[in-house]
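Work through the exercises below with the structure open. Try each task before reading its solution.

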Amino acid sequence: MERSLTMELVRVVEAAALASARWMGRGDKDSADDAATQAMRDVFDTIPMRGSVVIGEGEMDEAPMLYIGEKLGNGYGTRLDVAVDPLEGTNIVANGEWNALAVLAVADQGNLLHAPDMYMDKIAVGPESVGKVSLDFTVLQNLQAVAEAKRKNIDDLVVAILKRERHEKLIQEIRDTGARIKLMQDGDVAAAINTAFEDTGVDILLGSGGAPEGVLAAVALKCLGGELQGRLLPQNEEEIERCKKMGIDDVNRVLLMDDLVKGDDCIFAATGVTDGELLKGVRYQGDVGYTQSVVMRAKSGTVRFIDGKHSLKKKPDLVIK
């Protein structure tokens with residue numbers, strides 16, 4: 001994979017963030033998502049690659065663009081699997097809350113899990129705790145392992161988990177250990193990534209969320225030396241059959257990092273849409289937009305934080321009329 005792709009992909013997520021952030025707090029999640037998707041798709045056309053969407057906005061008959069199987073890039077360069085979430089946190093943007101991101105990940109062709117659109121049970125940790133946790137362990141066992149790895153007491157730990165009715169039992173189990181909890185309305189990709197950055201204060205992610213988002217987070221954590229494990233949670237026979245069609249015969253097995261993203265080379269890029277622990281959200285001042293992005297590559301282990309200043313006069317498609 002060409003290393004020059006890293007900066008090209010930053011352009012993609014910057015455009016999506018600049019377009020969608022105009023909708024922050026306006027109560028219209030669909031328009032925010034549409035703006036991010038259109039902007040992301042437009043910039044992909046300029047990238048020197050031969051990409052195919054394996055995780056996107058849905059099937060061809062469900063999404064007008066960035067649908068699964070769609071070809072991206074200008075037709076030259078490396079053949080790649082592409083996973084996108086143009087706006088990870090549509091409700092977050094609509095409500096003006098924290099941790100919305102424009103996100104994408106790429107890997108060599110055939111290396112990303114074609115995760116079906118269903119729930120996945122997840123556990124994510126940073127580099128210190130790699131190899132010490134498991135979805136087959138109890139909550140207490142996992143938190144004891146993370147506390148030992150990070151040289152903390154359990155009551156020092158912060159567990160990120162989506163605020164959902166289905167997590168009530170899990171939340172109580174966490175509270176019973178004495179650990180602290182960070183409840184999120186949405187956005188478990190950001191939370192998974194945060195486990196690899198000490199400054200964010202998040203030590204571990206637990207609970208279920210979208211399977212496609214699990215693959216995106218796994219790419220980021222592979223670049224960062226962290227770990228994510230997942231177990232698909234099909235709700236009916238139709239979802240079980242979909243798993244099998246995507247090559248996942250045993251839906252009950254724990255999916256490890258190499259199941260989610262194979263090989264030693266992948267790239268993850270994200271731009272903050274609203275403010276979060278890791279990235280600042282988009283700011284506008286007259287005809288100028290300001291962004292903050294992160295881009296990382298597994299093969300080199302390089303992580304770059306990029307502050308962007310954008311002339312909106314020269315990017316009229318990103319301005320709401």
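## Exercise 1: Packing in the core

Task: Leaving aside neighbours within four places in sequence, find which residues L260 is in contact with.

Solution. This is a predicted model. With those neighbours set aside, L260 is in contact with N111, L112, L113, M120, V215, A218, L228 and L255. Next, place L260 in its core. The largest nonpolar core has 52 residues, and L260 is among those that touch the most other members, along with L112, I193, L228, L232 and F268. Helix α7 (residues 211-224) gives this core its largest share, 10 residues. A second, separate core holds 41 residues, including V84, I92, A100 and I306.

## Exercise 2: A salt bridge between distant parts

Task: Decide whether D188 is buried or exposed, then do likewise for K122.

Solution. Start with the pair. D188 and K122 form a salt bridge, with the closest N and O atoms 2.7 Å apart. D188 lies in helix α6 (residues 188-194) and K122 in strand β5 (residues 119-125), so the bridge ties together parts 66 residues apart in sequence. Now apply the cut-off: buried means under 20% relative accessible area. D188 has 6%, so D188 is buried. K122 has 2%, so K122 is buried too.

## Exercise 3: A network

Task: Find which residues are linked with K152 in a network of salt bridges.

Solution. The network links K150, K152, E198 and D203. Take one pair: D203 and K152 meet at 2.8 Å, N to O. Their positions are 51 residues apart. D203 is buried at 2% relative accessibility, whereas K152 is partly exposed at 25%.

Note on methods. Residues are numbered from 1 along each chain as its sequence is written. This is a predicted model: local features need pLDDT of at least 70, side-chain atom pairs count only at pLDDT 80 or more; totals for chains, interfaces and linings use all residues. Side-chain values use heavy atoms; hydrogens and water are left out. A nonpolar core is a set of buried Ala, Val, Leu, Ile, Met, Phe, Trp, Tyr and Cys residues joined through side-chain atoms within 4.5 Å. Buried means under 20% relative accessible area, exposed over 50%, partly exposed in between (1.4 Å probe, protein chains only). Helices (H or I, at least four residues) and strands (E, at least two) are DSSP runs, numbered from the N terminus. Contact means heavy atoms within 4.5 Å. A salt bridge is a side-chain nitrogen of Lys or Arg within 4 Å of a carboxyl oxygen of Asp or Glu.
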